[in-house]
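Colleague: Please take one strand of this model as a starting point and describe closely what surrounds it. From there, please go on to the charged pairs, the surface patches and the backbone angles that deserve a careful look.

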Amino acid sequence: MDEFQLIDEIVAILGDAASGPGVVVGPGDDAAVVDVAPGNQLVVSTDTLISDRHFPAQAKGDAVGYRSLAVAASDLAAMGARPLCATVALTIDKMDADWTRAFAAGIAAASRAFAMPIVGGNIARGPHSVTVTVHGQVPVQGALLRSGARQGDGVFVTGKLGGAALALAQGGLERYALADLTPGAAPHRYWQPTPRFEVGMELAGVATAAIDLSDGLSSDLAHVARASGLAAVVDIELIPTFPGVDPIDAATAGDDYELVFSASPRKAYELGEIRNLTGVPVARIGWLRPGEPGRIHWREHARPVAVGTGYRHF
């Protein structure tokens with residue numbers, strides 16, 4: 001089987017996951033054509049996942065496919081964007097048609113789950129990696145940025161932290177195909193994270209800044225604080241944790257793809273309504289104050305505590 005035959009099979013596997021509202025031209029031409037609703041702006045983000053760094057080298061294809069789209073799409077959720085579509089580039093060092101078909105099935109499953117058509121992509125020979133570019137839309141000037149937090153804002157986080165890091169620590173992630181995953185278990189949190197699209201879109205006009213938790217709370221919250229020219233205070237005991245995860249470990253755990261955001265204390269009612277509407281837990285864990293931009297003051301029961309940094313690429 002050559003490259004072009006495999007691409008045809010991938011498009012066939014994608015099926016309805018390659019089309020949807022707003023998709024004018026999907027896979028098969030030189031480029032995709034997608035409508036953006038009037039009064040909206042395009043939001044674009046690209047993520048690259050590298051074998052043995054962002055997923056185990058021997059991992060099942062469908063698990064890698066699902067995870068690849070999910071982690072890239074999480075950036076749209078952090079901006080408050082509604083997902084539109086994605087393109088996927090797969091680089092592999094040798095042709096493995098079965099693995100690639102499974103990868104396409106995983107991408108298709110995520111595409112359907114997120115209502116995000118796969119409108120194009122590429123296959124190339126080289127070191128094993130996946131690059132996903134996601135597109136979304138927000139009302140004009142409606143994007144949530146990292147730089148909008150204000151003095152006195154509370155710091156909030158969705159969901160529970162540390163599940164994916166626990167799965168990594170337990171090992172054996174390469175054993176799991178999507179059908180093997182138990183919803184809510186640690187390996188499921190790693191392979192099938194849930195981009196918080198609904199929460200992100202509902203935070204428009206409520207949150208002042210936001211980011212998704214890819215590298216860990218200690219690193220990602222620091223980005224928000226630095227961009228906003230503020231310091232942060234976090235009470236460790238308030239961090240919602242995945243069962244069996246220590247709160248200090250949860251503060252540095254990566255791969256959660258939850259949202260951390262800032263909002264005025266006066267928005268408590270609106271945040272309660274977002275919790276009720278989406279069913280996603282939202283917990284206040286600290287606040288923002290004047291100080292060295294980007295610095296986080298960690299406390300446990302009002303006493304200072306040392307917390308490390310999250311994941312760093314270099």
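Modeller: Valine 234 is a residue of strand β9, and what follows describes a predicted model, so its values are all computed from predicted coordinates. With a relative accessible area of 0%, valine 234 is buried, because buried is taken to mean under 20%. Leaving aside residues up to four places away in sequence, valine 234 is in contact with Leu221, Ile239, Ile285 and Gly286, and also with Ile296, His297, Trp298 and Arg299. To give a sense of distance across the model, the C-alpha atoms of valine 234 and alanine 31 lie 46 Å apart, while the two residues are separated by 203 positions in sequence.

Strand β9, which spans residues 231-235, also holds aspartate 235, and this residue leads to the charged pairs. Aspartate 235 and arginine 299 form a salt bridge whose closest N and O atoms are 2.9 Å apart. Because aspartate 235 is in strand β9 and arginine 299 is in strand β12, the salt bridge ties together parts of the chain that are 64 residues apart in sequence. Arginine 299 is also among the residues that valine 234 touches. The two ends of the pair differ in accessibility class, since aspartate 235 has 8% relative accessibility and counts as buried, whereas arginine 299, at 26%, counts as partly exposed. Elsewhere, Arg189, Arg196, Asp256 and Glu258 are joined into one network by salt bridges that share partners.

Within that network, the closest N and O atoms of arginine 189 and glutamate 258 are 3.3 Å apart in their salt bridge. This pair connects distant parts of the chain, with arginine 189 in helix α5 (residues 186-191) and glutamate 258 in the loop between α8 (247-252) and β10 (259-263), 69 residues apart. Both arginine 189 and glutamate 258 are buried. The loop between α8 and β10 is also the place of tyrosine 257, which has a positive phi near 55° although it is not a glycine. Tyrosine 257 counts as buried, because its relative accessibility is 8%.

A further residue with positive phi is glutamine 141, again not a glycine, for which the angle is near 60°. Glutamine 141 belongs to the loop between β6 (129-139) and β7 (154-158). At 75% relative accessibility glutamine 141 counts as exposed, so tyrosine 257, at 8% and buried, stands in the opposite class.

In general, side chains of opposite charge can pair when their charged atoms come close. The count of salt bridges in this model comes to 8. Another of them is formed by the side chains of glutamate 9 and arginine 101, at 2.5 Å from N to O. Here too distant parts of the chain are linked, because glutamate 9 is in helix α1 (residues 3-14) and arginine 101 is in helix α3 (residues 97-114), 92 residues apart. Glutamate 9 is partly exposed at 27% relative accessibility, and arginine 101 is partly exposed as well, with a relative accessible area of 24%.

Returning to strand β12, which covers residues 296-300, one also finds glutamate 300 there. Glutamate 300 counts as partly exposed, because its relative accessibility is 33%. Together with Glu237, Asp246 and Asp249, glutamate 300 makes up a patch of negative charge on the surface. The surface also carries a nonpolar patch of about 240 Å², to which Val36, Leu42 and Val44 contribute. Of these, leucine 42 lies in strand β3 (residues 40-50).

A last buried site is phenylalanine 197, found in helix α6 (residues 197-202). Its relative accessibility is 9%, so phenylalanine 197 counts as buried. Residues up to four places away in sequence again being left out, phenylalanine 197 touches Ala73, Leu76, Ala77, Ala81 and Pro83, along with Phe114 and Met116. For one of these contacts, that with alanine 73, the C-alpha atoms are separated by 8.7 Å, while the two residues are 124 residues apart along the chain.

Terms used:
Residues are numbered from 1 along each chain as its sequence is written. This is a predicted model: local features need pLDDT of at least 70, side-chain atom pairs count only at pLDDT 80 or more; totals for chains, interfaces and linings use all residues. Side-chain values use heavy atoms; hydrogens and water are left out. Patches are made of residues with over 30% relative accessible area and no salt bridge: like charges are joined within 9 Å, nonpolar side chains (Val, Leu, Ile, Met, Phe, Trp, Tyr) within 5 Å. Accessible areas come from the Shrake-Rupley method with a 1.4 Å probe; for residues, only the protein chains shown count as cover. A salt bridge is a side-chain nitrogen of Lys or Arg within 4 Å of a carboxyl oxygen of Asp or Glu. Lys and Arg count as positive and Asp and Glu as negative; His and the chain ends are not counted. The place of a charge is taken as NZ of Lys, CZ of Arg, CG of Asp or CD of Glu. Helices (H or I, at least four residues) and strands (E, at least two) are DSSP runs, numbered from the N terminus. Buried means under 20% relative accessible area, exposed over 50%, partly exposed in between (1.4 Å probe, protein chains only). Contact means heavy atoms within 4.5 Å.
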